[in-house]
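Reader: I would like to learn how to read a few features of a structure. Please take them one at a time.

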Amino acid sequence: MQTSLPAVAGPADSSADPSRDRSEPARMAAAIRALAMDAVEQAASGHPGMPMGMADIAVALWSRHLRHNPAHPTWFDRDRFVLSNGHGSMLLYALLHLTGYDLSIDELRHFRKLHSKTPGHPEVGITPGVETTTGPLGQGLANAVGMALSERMLAAEFNRDGFPIVDHFTWVFAGDGCLMEGISHEVCSLAGTWGLSKLVVLYDDNGISIDGEVQSWFRDDTLRRFEAYGWNVIADVDGHDVDAVDAAIEIAKEWGANGRELPGGQRFAPTLIQCRTVIGKGAPTRAGKSKAHGEPLGAEEIAGVRRWMGWNHGPFEIPADVYSAWDATGSGAQRQAAWDDLFAAYAERHPQQAGEFERRMRGVLPATWEFTAQRAIDEAVAKAETIATRKASQNALNHFGPALSELLGGSADLTGSNLTDWKGAGAFRSFGGPDGQSFVAGRHINYGVREFGMAALMNGVALHGGHLPFGGTFLTFSDYSRNAIRMAALMKQRVIHVFTHDSIGLGEDGPTHQSVEHAASLRLIPGLDVWRPADPVETAVAWAMSIERDDGPSALLLSRQAVPFVTRSDAQVEAIRHGGYVVRDAAEPRCALIATGSELGLAMAARDLLAQDGIEVRIVSMPSTSVFDRQDVTYKARVLPDTLPRIAVEAGVTDGWWKYRCDAVVGLDRYGESAPAGTLFKHFGFTPENVADTVRAVLAKHST
């Protein structure tokens, strides 16, 4: 059901003269427009149209509702603000500067310049106050759903009567481009299903994208679409009327905190506020046109905007009264101080919960972690099982899940195949329908068939803090998730992807599901640690390493089929952490045979065949090329000395292995077939005999 504000008309006429409006909100909005067009002009690139069109919306939210503290951008119970339409980054930079964050006017002058704090699109960790890196449209919105989910789950876990220590909103600015991207459907459907009532999206409905008026390629009934997801919708708000936007936000906050009264009862749901705006508001010839979207306005047009606004100040000049109106340092300090007092009282009453909450928000593993990790590894060594590594992964999770309250798992409709749940995890359930709010605090999420949405949503969970998210699907479907995985690496977020059915070993489902190029493709992503373990021991170590890593994401590539257990010394078990290590050596090895994942057993069998001919080889297990490549030169030279010819074995494309100066690679530079796994491995030459023959051919070449 849509709600409209009775006093709200359509968007104001862009030709109207606001110079008569000397009100504080008008001057605050003018400052945003001026800074945005000046910075884009100085950079000779950028997107002035969106900041100019959303300036009044920003005044309403940031000056009247947003809970934040510029002096302490990361205090926990702040509201999260996500600029999903990140091309309009100057809107956010202007807001951060004006409200008092550590972002000087010089940084705005250096917009889009090398090493500035004002890159072309917002980047978390670069600019204080930026909550997530946005630019790839739709993903900021997805991150926001993850943030709202995390707030919902942490509130249920840690809040106590009289102590709402987790109680904040997630606000999103989004445009038509975000809603065109398919990921918006995936995550907004989930947000509606989960009843994430403290998620509010302000939709910049200006009808323009780069190619022009969107009605020729985007004619969705957006409001009904969101109603169908189960969202509340506030329709037809004049995005250039600060008071109208303020009123809509006030309604959304009331619904978010207390639910919306409907004939059937209280409904808790996210809210979409449709804000009708004019892109490039105030530009004499470009307002409402695509020319305002992604290029500097030019001196003449900027002068016209200044006249239209009655803004008699030079580039990057902001008068003291406007700075004073925007300054949020005092109110922010008061808000944080009030929360600090609340948390201090909470800690006195509930010391154990307070300590756990602080640990998780710092991202620090519990004191018992090393013992837990070692116990999981020791169990894998002791059991010596020949099982699929996906099952070995679940065995490890049965240790890690109970020991880490922050671990939050899930799967894109493949839980029984990915084995991403563990004993006692429970299924997460949350509904906010007309019967009221219901919540089941499980730690395994059924994401449905939404691989991309799952991956980007997990990024938001990680960014929010308090949870360590992981999610599973088939390796071949990592293609759906790829850009979100890349974003996790760019943002250095602790997110774990579990990809099972990692090769032609998947079998009868055929080449559409058999991963061939995917391992190599993921290894190309800078900052992503890719693990392809060979047996239960390597799987347990890979999980431990991924959990311990706090500066980026990891991907675990796991087999459908059973793989042979490999015996190791204690030193070899420890060496797994180096990403590559010698698992079998010889007195006088004639070559190094490098193998990863399910092909390690194949290499070991080939070694036995070669030994019958008196040919000794070194077997190097390489569960993670990413981690191995970070080792020092001395270690790598010990494992792979220049004196030994090298042959790599992996059931996938060969390109990535040549960097190790291999003489040959036993791989698969084509798609698979539909047949049982054993038949396929034999058909494509993944047999001990073929590997041994390849070694003999390389040695024969070297002997000549």
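Author: This is a predicted model. Start with a single residue and its neighbours: Ser-503 touches Gln-514, Ser-515, Arg-532, Gln-561, Ala-651 and Phe-681, leaving aside residues up to four places away in sequence.

Reader: Where does Ser-503 lie, and is Ser-503 buried or exposed?

Author: Ser-503 sits in the loop that runs between strand 17 (496–500) and helix 19 (518–523). Its relative accessibility is 0%, so Ser-503 counts as buried.

Reader: In which loop is Ala-269 found, and which residues does Ala-269 touch?

Author: Ala-269 belongs to the loop between strand 9 (265–267) and strand 10 (271–276). Not counting residues up to four places away in sequence, Ala-269 touches Gly-195, Leu-196, Ser-197, Gly-230, Trp-231 and Asn-232. With 1% relative accessibility, Ala-269 is counted as buried.

Reader: How far apart are the C-alpha atoms of Ala-269 and Leu-297?

Author: They are separated by 40 Å, with the two positions 28 residues apart along the chain as the separation in sequence.

Reader: Now helix packing. What describes two packed helices?

Author: Two values do: the angle between the axes and the distance between the axes. Here, helix 14 (residues 369–383) packs against helix 20 (residues 536–548) at an angle of about 165°, and their axes are 7 Å apart. An angle over 145 degrees counts as roughly antiparallel, so helix 14 is roughly antiparallel to helix 20. The crossing of helix 14 past helix 20 is right-handed.

Reader: Which residues of helix 14 and helix 20 make the contact?

Author: Helix 14 contributes Trp-369, Ala-373, Ala-376, Ile-377, Ala-380 and Val-381. From helix 20 come Pro-536, Val-537, Ala-540, Val-541, Ala-544, Ile-547 and Glu-548. By class, the residues of this contact are 12 nonpolar, no polar and one charged.

Reader: Last, the cysteines. How many disulfides does the count come to?

Author: The rule asks for a pair of cysteine sulfur atoms within 2.5 Å, and by this rule the count is zero disulfides.

Reader: Why is Cys-275 without a bond to the closest cysteine?

Author: The closest cysteine sulfur, in Cys-178, is 14 Å from the sulfur of Cys-275, which is too far for a bond. Cys-275 is buried, its relative accessible area being 0%.

Reader: And what of Cys-662?

Author: Cys-662 is in no disulfide, as the nearest cysteine sulfur, that of Cys-591, is 11 Å away. Cys-662 is also buried, with a relative accessible area of 10%.

Conventions:
Residues are numbered from 1 along each chain as its sequence is written. This is a predicted model: local features need pLDDT of at least 70, side-chain atom pairs count only at pLDDT 80 or more; totals for chains, interfaces and linings use all residues. Side-chain values use heavy atoms; hydrogens and water are left out. Axes are lines fitted to C-alpha atoms, for helices over the stretch in contact, and angles run from 0 to 180 degrees between N-to-C directions. Helices (H or I, at least four residues) and strands (E, at least two) are DSSP runs, numbered from the N terminus. Angles under 35 degrees count as roughly parallel, over 145 as roughly antiparallel, 65 to 115 as roughly perpendicular and the rest as oblique. A crossing is left-handed if the near helix is turned anticlockwise from the far one by less than a right angle, and right-handed if clockwise. Contact means heavy atoms within 4.5 Å. Ala, Val, Leu, Ile, Met, Phe, Trp, Tyr, Cys and Pro count as nonpolar, Asp, Glu, Lys and Arg as charged, and the others, Gly among them, as polar. Buried means under 20% relative accessible area, exposed over 50%, partly exposed in between (1.4 Å probe, protein chains only).
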